[in-house]
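Please find below a colleague's note, set out as numbered points, to be read beside the sequence and the model.

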Amino acid sequence: MTQKQTKANRENAKQSTGPRTRSGKGRSSQNSIKHGLNQALDLEHNNHFIILLRLVKEDGYSHDEAYSILSAIFDHRRVMEACDQQYHELKEVFGQAEAEMIRELESDDELGRRTLGYNEKLVIGRFKARTKRTNERLGSVLVQRVRRLGKLIRYQRRSISQIRRITQEIKNDKTNPFIFDF
Amino acid sequence: MTEDKLKQSLAILNPIRTVKLKDKTGNFEAILQGLLSDLETPNTLSVLLCEQIAESIFWMRRHVEDKELILLEATAEKIDKAQSGYGDGRTYTAEDVKQVLLGDEALKQKINDELKNTRATNPIATSFDGCRAKAFVSCAKEVRIADDLIQRQMLNIRHLQRSLDAIDMKSRIIRRMDLELERIERDLTVLEYDPEAD
C-alpha cells in the first residue's frame with residue numbers, strides 16, 4: 001500500500017464517527033455481549049415474572065420466598081434459552097464468499113488470469129487447501145454444536161445450584177422445629 | 001385418576017409456561033405430560049419445576065443422540081477418506097455405519113473388501129473396525145464434551161428433583177399446618193362444649 005493510499009484511508013476513517021441515532025447506539029452497545037448470561041436479570045418489568053410471583057404467593061409462600069425461587073428459575077430459563085439458541089445456530093464455514101468468487105474465476109480463465117495473474121491456478125490451489133484445512137478444524141455441524149454448548153455448562157451449574165439452594169433454604173425454614181412447636 | 005391429575009396440572013401450567021423449545025418431534029410434551037401425571041399435589045411451583053425437569057430429560061436425550069451421531073459421522077468420514085484419500089465425495093453415511101454396528105454383516109464385509117483394495121494408497125485403516133478406532137481417537141475431545149453435557153443434565157435433573165421434593169415438603173407442611181389448625185379448632189370446640197364443665 002502506498003503512502004497516498006494510507007493517507008486516504010485515514011482521512012476516510014475520520015469521517016465515520018460511529019453510531020449517531022439512539023437505536024444505533026443501543027445496538028452498538030451490545031456488540032461486546034456474547035450471550036449476556038453474566039448480566040443481572042431485569043425482573044421488575046417482566047410481566048410473566050409478575051404473574052408467576054402473584055400465583056406462587058397465592059399458594060402460601062412469602063414474598064421473599066416466591067421472589068427468590070422465581071428469580072432462580074428465570075435465571076435458569078435464560079441459560080437454557082441460550083443453549084437452545086446455540087443448538088440451532090448455523091454451521092460456521094470458512095471462506096464461503098471467497099469460494100463463490102473462486103468458482104466464478106475458475107469458470108472464466110481470462111477473468112481468472114486478469115484478477116489473479118499468471119499464477120492463478122497456484123493461488124486457487126493454495127486457497128482451496130487452506131479452506132479445506134480450516135473447515136476440517138472447525139468440524140461438522142454436530143461438532144461445532146457440542147463445542148458451543150460445552151461453553152454453557154458452567155452457567156447451567158450456577159443456575160441449578162441456585163434453585164437447589166433456595167428450595168433447600170425454604171424447606172429448612174419450614175421444618176425448623178421451633179416454628180412448628182405449637 | 002392420573003388423567004385428572006394431568007388435566008389439573010396442565011390447567012395450571014398452560015397459562016404460565018416458561019419452556020419454549022424449538023422441538024417439532026413432540027418428545028418434550030410427552031416427557032412433560034408423563035411427569036405432570038405423577039404429581040401428587042400440583043401447584044404453580046411444582047408444575048414449573050416439572051417443566052424444568054422435563055426440559056433437562058429432553059436435553060439429555062438430545063446430547064446422547066448428538067454423541068452417537070458424532071461417532072457415526074466420524075467413522076463414515078474415516079471410511080470415505082480411507083477409500084478416496086481425500087474424503088470429499090461421501091460414499092458412506094452415519095446411517096450406513098449404524099447399520100453395520102446393528103449387525104449388517106454384508107455391508108461390513110463390503111466395506112472391508114473395498115478398504116483392502118485400496119491398501120496401497122490408504123493412509124487411514126484397512127478395515128471397518130480400524131476406521132472406527134481411528135474415528136474414536138479423532139473425535140475424543142468432542143465426545144468428552146458431549147459426556148460432560150449429558151452428565152450436567154443428569155445433575156440438573158437430580159437437583160431439580162430434590163427441589164421438587166423440598167417444594168412438595170412445603171405443601172405437605174402447609175397441609176400439616178392446616179390439619180394442626182383444624183385439630184386446635186376442634187379441641188377448642190370440644191373445650192367449649194366440655195360436658196364435664198357442666
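1. A residue is called buried under 20% relative accessible area, exposed over 50% and partly exposed in between, with a 1.4 Å probe and protein chains only. This is a predicted model, in which local features need pLDDT of at least 70 and side-chain atom pairs count only at pLDDT 80 or more, while totals for chains, interfaces and linings use all residues. Residues are numbered from 1 along each chain as its sequence is written, chains are lettered from A and ligands numbered from 1 in the order in which they are written, and side-chain values use heavy atoms, with hydrogens and water left out.

2. Chain A contains 10 helices and 0 strands, where helices (H or I, at least four residues) and strands (E, at least two) are DSSP runs numbered from the N terminus. The radius of gyration of chain A, 28 Å, is well over the 16 Å that the globule rule gives for 182 residues, so the chain is more spread out than a compact globule; the radius is taken over C-alpha atoms, and the rule is 2.2 Å times the number of residues to the power 0.38. The C-alpha trace of chain A spans about 95 × 40 × 25 Å along its principal axes.

3. Of the 182 residues in chain A, 32% are buried, and the accessible surface of this chain comes to about 12500 Å², with 50% of it belonging to carbon and sulfur atoms. Such areas come from the Shrake-Rupley method with a 1.4 Å probe, and for residues only the protein chains shown count as cover. Among contacts in chain A with a separation of 6 or more, 66% are between residues 24 or more positions apart, a contact being heavy atoms within 4.5 Å.

4. Chain B has 7 helices and 0 strands, and 44% of its 198 residues count as buried. About 11300 Å² of chain B is exposed, 52% of which is supplied by carbon and sulfur atoms.

5. Which residues does Thr44(B) contact, leaving aside its neighbours within four places in sequence? They are Leu52(A), Leu55(A), Val56(A) and Asp59(A) in one chain, and Ile12(B) and Ile16(B) in the other. Thr44(B) lies in helix α3 (residues 44–84) of chain B and is buried, with a relative accessible area of 6%.

6. Side chains of opposite charge can pair when their charged atoms come close. With a salt bridge taken as a side-chain nitrogen of Lys or Arg within 4 Å of a carboxyl oxygen of Asp or Glu, the count comes to 13 over all chains. One of them joins Asp75(A) to Arg78(A), with the closest N and O atoms 3.1 Å apart; both residues lie in helix α4 (residues 63–87) of chain A, 3 residues apart, about one turn of the helix. Asp75(A) and Arg78(A) are both buried, and a network of salt bridges links them with Arg158(A).

7. Glu55(B) and Arg77(A) form a salt bridge at 2.8 Å, N to O, and this pair crosses between chains, from helix α3 of chain B to helix α4 of chain A. Both Glu55(B) and Arg77(A) are buried.

8. Arg147(A) forms a salt bridge with Glu142(B), the closest N and O atoms being 2.8 Å apart. Arg147(A) lies in helix α8 (residues 141–150) of chain A and Glu142(B) in helix α7 (residues 140–192) of chain B, so the pair joins two chains. Why does Arg147(A) count as partly exposed? Its relative accessibility is 30%, whereas Glu142(B), at 6%, counts as buried.
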